[in-house]
Amino acid sequence: MSATFASLKFRNYRLWFASALVANIGTWMQRVAQDWVVLTVLTNNSGVAVGIVTALQFLPHLFLSAWAGLLADRVDRRKLLMMTQAGMGVLGLGLGALVLSGAAELWHVYVFATLLGVVSAIDGPVRQTFVAQLVPPTRLANAVGLNSSNFNAARLIGPGVAGLLIAAVGSGWVFIINGITFGAVIISLSRMGDLYPLPTASRAKGQIREGLSYIRGRSDIVVIMVVMGVVSMFGLNFQLTSAMMARVEFGRGASEYGILGSVLAIGSLAGALLAARRERPRVRLVLGAAFAFAIAMGIQAVMPTYLGYLLMCIPVGFASLTMLTSANAAIQLSVAPELRGRVMSIYVMVLLGTTPLGSPVVGWIGETFGPRYAVLLGAMATLLVAVIATIWAARTWHVRVHARLSRAHRIPRPYLQVDYPGMSQTPQKQTLAA
C-alpha cells in the first residue's frame with residue numbers, strides 16, 4: 001500500500017473512513033440544500049439571511065468548544081461520537097420533515113442551524129482526537145491527511161448530488177437523506193475492535209486554563225491559530241459566496257451552484273492527498289498556503305464568466321485544504337497527548353467560532369456591493385494576516401535561511417536549511433528542497 005493510503009491497512013480506520021465518507025457526503029448535501037432553501041424559497045436572494053444561518057450554525061463553537069475539548073479528554077470517545085452522530089441525524093430528519101410538509105419558515109432554519117451547531121461543537125474535538133485511537137502514533141499524520149481527503153471527497157460528491165436532487169425532488173429529501181447517513185457512522189463505531197489507548201484527563205480544577213496556558217507558551221501554535229482565525233472569518237465562506245455568485249452574479253440555478261462546490265473539492269481533494277504524504281507539516285507550509293489561497297481567491301473574484309470562476313475553484317480548493325490540513329496536523333503532532341483534546345478544541349473554536357463574526361459581514365457586503373466584493377474581502381484579509389504573521393515570525397524567531405548542498409545522493413542536491421532559534425517551542429532546524 002502506498003504511503004498516501006498507509007492508514008487504511010488498519011481495520012478500525014477503514015471502518016471509520018468508509019462510514020465518515022457516507023456521512024460527510026450527506027453533510028455537504030444538507031449545507032447546499034439549506035443555503036439554497038434560505039436564498040431562493042424563504043427569502044428573495046438575501047445574502048444576509050444566508051450569512052445569519054451560517055453564523056448560527058458556527059456560533060456555539062465559540063461558547064462550547066473549550067468545554068467539549070475537556071469532555072473529549074475525559075470520557076469514552078467512541079460512546080460520545082455515537083451520541084453526537086445520532087443527534088445530528090435526528091436534526092437532519094426533523095428539518096427535512098418540516099420542509100417536505102411545506103411548513104418551514106426562516107426562523108425554523110435558524111433554530112435547526114443553532115441546534116446543529118451545538119451538537120457539532122461537541123462532536124468536533126472528539127472527532128479530531130478519536131483518529132489517534134484508530135492508528136499507531138507513527139501513522140497519525142497520514143490518518144489526519146486522509147481524514148481531510150475523506151471530507152473533501154465528500155465535498156466533491158455532495159454538492160453536485162444535492163444540486164441534482166434539489167432540481168429533481170426538492171430540498172426536503174436532501175435533509176432526510178443526510179439524517180439517514182449518520183447511521184453508517186454509528187454502525188461502524190459499534191463494529192470496531194480494540195482501540196489504541198490515549199491518556200485521559202482526571203477531574204480537576206483549572207483544566208481548561210491549563211490548555212490555554214499551554215497554547216500561550218507555544219508561539220508556533222499561536223501563529224497558526226491567528227492566521228486560521230482570520231482566514232476562517234472572511235475567507236472560508238464558500239457555501240455563502242458560491243451561492244451568491246451562482247444565483248446573483250451569473251444567474252444560475254441549483255445544479256450550477258452544486259457544481260461549484262464539487263469543482264472546489266477537486267482541488268481540495270488533491271491538497272488533502274498530498275498532505276497525507278507529509279510526515280510533519282510546519283508553520284511555514286501554513287503561511288505559504290495562506291499566501292497561495294489569497295492570490296487564487298483574488299483572481300477568482302474578478303473572473304468575468306461562470307466557467308472562469310468555476311475553474312479557479314480548483315486552485316482555491318487546493319490552497320485552502322493544504323492550509324487547513326497542515327495547520328491541523330502541525331498542532332496535533334506537536335501537542336502533549338493528555339492535552340490534545342483541549343488544545344484541539346480551542347483550535348476548532350478559533351477556526352469555526354470566528355465564522356459567525358465574519359459571515360454576516362461577508363453576506364452584507366455581497367448583498368450591498370455585489371458578490372465579487374465578498375470574495376475579494378476574503379482574499380485581502382488572508383493576504384494581510386499572512387504578511388503580518390510572516391514578518392512577526394521572522395523577527396521573533398530570528399529565522400535564518402542557509403543554502404546547502406546535500407551529498408546524500410549520487411548527484412549532489414541543493415536545499416535550504418531553515419533555523420528557528422527564537423521559537424518558543426524546542427529550537428528547530430528544518431530543511432526545504434530548493
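This passage looks at aromatic pairs, charges over rings and two helices in a predicted model.

The structure contains seven aromatic pairs. One of them joins phenylalanine 238 and phenylalanine 293 in an edge-to-face arrangement, with 6.2 Å between the centres and 75° between the planes. Because phenylalanine 238 belongs to helix H9 and phenylalanine 293 to helix H11 (residues 283-301), this pair ties together parts that are 55 residues apart in sequence. Both phenylalanine 238 and phenylalanine 293 are buried.

A tilted pair is formed by phenylalanine 250 and tyrosine 309, at 5.9 Å centre to centre and 55° between the planes. Here, too, distant parts of the chain are linked: phenylalanine 250 is in the loop between H9 and helix H10 (254-276), and tyrosine 309, 59 residues apart from it, is in helix H12 (residues 306-332). Phenylalanine 250 and tyrosine 309 are both buried. Ring pairs gather Phe250, Tyr306 and Tyr309 into a cluster, and arginine 252 lies over the face of tyrosine 306, 4.5 Å from the ring centre. Elsewhere, the charged end of arginine 31 is placed over the ring of tryptophan 28, at 4.7 Å from its centre.

Tyr309 also appears among the contacts of threonine 241, together with Val362, Ala374 and Val375, when neighbours within four places in sequence are left aside. Threonine 241 is found in helix H9 (residues 238-249) and is buried, its relative accessible area being 4%.

Helix H13 (residues 340-353) offers a further view of burial. Its 14 residues reach 19 Å from first C-alpha to last, close to the 20 Å expected at 1.5 Å a residue. Of these 14 residues, 13 are buried, so H13 is largely enclosed by the rest of the structure.

Terms used:
Residues are numbered from 1 along each chain as its sequence is written. This is a predicted model: local features need pLDDT of at least 70, side-chain atom pairs count only at pLDDT 80 or more; totals for chains, interfaces and linings use all residues. Side-chain values use heavy atoms; hydrogens and water are left out. Helices (H or I, at least four residues) and strands (E, at least two) are DSSP runs, numbered from the N terminus. Buried means under 20% relative accessible area, exposed over 50%, partly exposed in between (1.4 Å probe, protein chains only). Contact means heavy atoms within 4.5 Å. The expected span of a helix is 1.5 Å times one less than its number of residues. Rings of Phe, Tyr and Trp (its six-membered ring) pair if their centres lie within 6.5 Å; planes under 30 degrees apart count as stacked, over 60 as edge-to-face and the rest as tilted. A charge sits over a ring if NZ of Lys or CZ of Arg is within 6 Å of the ring centre and within 35 degrees of the ring normal.
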